[in-house]
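Please open the structure in your viewer and keep the selection panel at hand. The stops below move from a pair of rings to a helix and then out to the whole chain.

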Amino acid sequence: MKKFIALLICTALLTISAGAEASHIITDHAGDSVAVPEKIERIAVAGILPFPSVLTVFLGSAEKLVGIPPASMGAAKAGLLGEIFPEILKAETNFTSGLDLNIEELMRLRPDIVFYLAGNKEMGRMIKNAGLTAVAISPTKWDYDVMRTYDEWIKTLSSIFPENKKAEAASSYSRGVYGDVQKRVKNVRPEERKKVLFLFQYDDKRMVTSGRSFFGQYWCDAIGAKNAAEEVPADNANAVITMEQVYRWNPDVIFITNFTPAMPDDLYNNRIGGDNWSNVAAVKNHAVYKMPLGMYRSYTPGADTPITFMWMAQNVYPELFGKINVEREAYSYYKKIFGITLTDKQLKGIFNQGRASAEGFRQ
């Protein structure tokens, strides 16, 4: 307790001494006006798992990131983020786990700014009461619209780091991809829409999907497909389903996220939970895919979002998108928007993930 009081006093003194430093006001995703310092050298992220990757790509460096969630670190190690920006691997992860926050450990990191999960009011209060600058970031404010959410994140970062403005370029690229996909799927009749099932998590104990209130619904709507599980009202926390429901839906395509170690071969060979997938259309037609992981797990909003959009549309409707070279598009996107030059090996790695991609995530 004495150590904690000492930390509070130290933080208060630092806050007072920094009071004269320049700052500017931004509005965060909780609607709060926040005075953010002009000079930001130490950044921590709590609760928003994709955000460290978005922040790193936006800044073109992870040198300022001193603390990130364990699940974010797992993705950084499995994907390209840790390879392209190895400095992120030095960030601390022991100050947060899931939605829990160890405020003492966070304060030891001496962050100039802390990005936290909007909606987690208790976490926000803890950060603010410790005298730290807290900025709420939301993954759900825009009704799980992945493209819009990513655009809003970039806009917020551009308001905090005006010297790194990328909002218009990133938004323009996203709008272009979205528009192209809509043109290609506009003539798909309702009865011809492919049924897509997302396996958000899958192991011997449970199978979790995306009902109407999760990112999977947006992805399906955006590419002209039908969410096989759209009747499931639950959100990502408890959208548990059974094989009997899968049999009834009989999805044409299955996407497995990188929040689970499960792989397409596990379904093709009935390796999990004693479940028999043999007669499910997606399995019979070998239309089961592990989702990409470039900078972060692509099911959520993130720097990979526009590329994931193309990849997903192509796998659902290959006859409409077959001529698109997604690897080439990924190369162009990262080079043009963020100045990142990817090698052929890195490009192939984005679209060929394994079980390690789920490392660090637990629900």
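For the first stops, a residue counts as buried under 20% relative accessible area, as exposed over 50%, and as partly exposed in between. The model is a predicted one.

Select Tyr289 first: with a relative accessible area of 22%, Tyr289 falls in the partly exposed class. Then add Trp311, which is buried, its relative accessible area being 9%. By the ring-centre rule, the count for this model comes to 27 aromatic pairs. In the pair now on your screen, the ring centres of Tyr289 and Trp311 lie 6.3 Å apart and the planes meet at 85°, so the arrangement is edge-to-face, planes over 60 degrees apart being the condition for that class. The two residues belong to distant parts of the chain, since Tyr289 sits in strand E15 (residues 288-290) and Trp311 in helix H13 (residues 305-316), 22 residues apart.

Now widen the selection to the cluster that ring pairs build around these two: Tyr144, Phe198, Phe200, Phe214, Phe215, Phe255, Phe259, Tyr289, Tyr296, Tyr299, Trp311 and Phe361.

Next, select residues 51-59, which form helix H2. Is this helix enclosed by the rest of the structure, or open? Nine of its nine residues are buried, so H2 is largely enclosed by the rest of the structure. Stepping along the helix, you pass the buried residues Phe51, Pro52, Ser53, Val54, Leu55, Thr56, Val57, Phe58 and Leu59. Just after H2, select Gly60 and inspect its backbone, where phi is positive, at about 75°.

Finally, clear the selection and show the whole chain as a cartoon, in which the secondary structure amounts to 16 helices and 15 strands. The radius of gyration is 21 Å, close to the 21 Å given by the globule rule for 363 residues, so the chain is as compact as a globular protein of that length. Along the principal axes, the C-alpha atoms fill a box of roughly 65 × 40 × 35 Å.

Colouring by accessibility will show that 56% of the 363 residues count as buried, and a surface view displays the roughly 16000 Å² that the chain exposes, of which carbon and sulfur atoms supply 50%. Among contacts with a separation of 6 or more, 67% join residues 24 or more positions apart. If you then select the charged side chains, you will find 42 positive and 40 negative ones, and the centres of the two sets lie 1 Å apart.

Notes. Residues numbered from 1 in each chain as written. Predicted model: local features only at pLDDT ≥ 70, side-chain atom pairs only at ≥ 80, totals over all residues. Heavy atoms only, no water. Helix = DSSP H or I, 4+ residues; strand = E, 2+ residues; numbered from the N terminus. Rg over C-alpha atoms; globule rule 2.2 N^0.38 Å. Buried < 20%, exposed > 50% of the residue type's maximum accessible area, 1.4 Å probe, protein only. Contact = heavy atoms within 4.5 Å. Areas by Shrake-Rupley, 256 points an atom, 1.4 Å probe, with all protein chains shown as cover. Lys, Arg positive; Asp, Glu negative; His and termini not counted. Charge placed at Lys NZ, Arg CZ, Asp CG, Glu CD. Phe/Tyr/Trp six-rings, centres within 6.5 Å; stacked < 30°, edge-to-face > 60°.
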